[in-house]
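Please read the following points with the model open beside you, and take them in order. They begin with how far the coordinates can be trusted and then move to the fold and the ligand.

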Amino acid sequence: MDSSTRASEPTSRQRPLRDGLGFFGRFLRNPMSVGAVLPSSRYLSRAMVGHLDLAAGELAVEYGPGTGPATQVIRELLPKHARYLGIELDPRFHKLLTERFPTMDFHHGSAGDLREILAERGLPKPARILSGLPFASLPPKVQDSIIEGIVWALKGTSGDFRTFQYVHAYGLRAARRFRAIMAERFDGFERIGPIVRNVPPAFVLRYWNAK
Ligand SMILES: C[S@@+](CC[C@H](N)C(=O)[O-])C[C@H]1O[C@@H](n2cnc3c(N)ncnc32)[C@H](O)[C@@H]1O
């Protein structure tokens, strides 16, 4: 067991240190899929989540919540009667999330299986997709299946997709590949930042009008 799940839930003062250590442990085990050495800051999470103007019954999906920094912001901003589903690949993070946010739903699996996951749970297509996935370190096949799911969900709707990319990794081939494909599949694009109050600093990317 790692430090993120072994002990009882930390206090708000202990949580950043505990989460940081647990997160770093998961990074050492799975550097490509975890893709970061520390959880996102509140500043980056707030910029990534933006405004959650969802109607009753509409769904927000979060990809790769990790230890839940953006989930915390979503919980604060989610309108009453709107719905939420987090999809997390790492079993330790998934367990931590279900303990930390008992009123929210989390699926243990891959964001690449969005259609199947929604069908299995009887959920509608999401109106917002918020992603903490490390696209810059995901293999092309995984990137492609995740992008297909995002386009399928948002096509013909006013919904959007939001994610972040670290400034130091912005020029990497996989990060550029992701943005090039997204530019082909979406008419709307906005880049926010860099958000410097995060280690490391990151840009927030927003896409809408899926083609
Ligand atoms: C860069 S971390 C971000 C964690 C958190 N959102 C944050 O901002 O601190 C990436 C997260 O995505 C998860 N992940 C990676 N590939 C995934 C996939 N295919 N489906 C769902 N989650 C995935 C990792 O386990 C990890 O929790």
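1. Confidence. This is a predicted model, and the pLDDT of the protein chain averages 89, with 86% of the residues scoring at least 70. Over residues 1–7, however, pLDDT stays under 50, and for this stretch the model has 17 contacts beyond four places in sequence. Where pLDDT is low, the predicted coordinates should not be read in detail.

2. The sheet as a whole. An open sheet is formed by 7 strands, and if you trace across it you should find the order β3-β2-β1-β4-β5-β7-β6, with mixed pairing. Because β3 and β6 (186–195) each have a single partner strand, they stand at the edges, and one side of each is left without a neighbour in the sheet. From one strand to the next, the twist averages 20 degrees.

3. From β1 to β3. Strand β1, residues 59–63, pairs with strand β2, residues 83–88, in the parallel sense over 5 bridges, and within this pairing Y63 has I87 of β2 as its bridge partner. Strand β2 also pairs in the parallel sense with strand β3, residues 105–108, here over 4 bridges, and E88 stands opposite H108 of β3.

4. The crossovers. Which helix joins β1 and β2 in a right-handed β-α-β unit? The helix is α5, residues 69–77. From β2 the chain then crosses through helix α6, residues 91–100, to β3, and this β-α-β crossover is right-handed.

5. The other part of the sheet. Strand β4, residues 128–131, and strand β5, residues 160–166, run parallel and are joined by 3 bridges, and the bridge partner of I129 in β5 is F161.

6. Helices on the sheet. Helix α5 lies across β1, β2 and β4, and runs at about 165 degrees to β1. Helix α9, residues 173–185, also packs on the sheet, where it touches β5, β6 and β7 (202–210), and the direction of α9 makes about 140 degrees with that of β6.

7. The ligand. Of the 24 residues around the ligand, those that come nearest are P39, S40, G64, G66 and G132. The elements giving two or more residues to this shell are α3 (31–34), α5 and β2, so please look again at α5 and β2 here, having met them in the β-α-β unit with β1. How is the shell around the ligand divided by class? The shell has 14 nonpolar, 8 polar and 2 charged residues.

Conventions: Residues numbered from 1 in each chain as written. Predicted model: local features only at pLDDT ≥ 70, side-chain atom pairs only at ≥ 80, totals over all residues. Pairing = 2+ DSSP bridges. Right-handed = clockwise from strand over helix to strand, strands pointing away. Near = placed C-beta within 6 Å. Nonpolar A, V, L, I, M, F, W, Y, C, P; charged D, E, K, R; others polar. pLDDT = per-residue confidence, 0-100. Contact = placed C-beta atoms within 7 Å. Axes fitted to C-alpha atoms, helices over the stretch in contact; angles between N-to-C directions.
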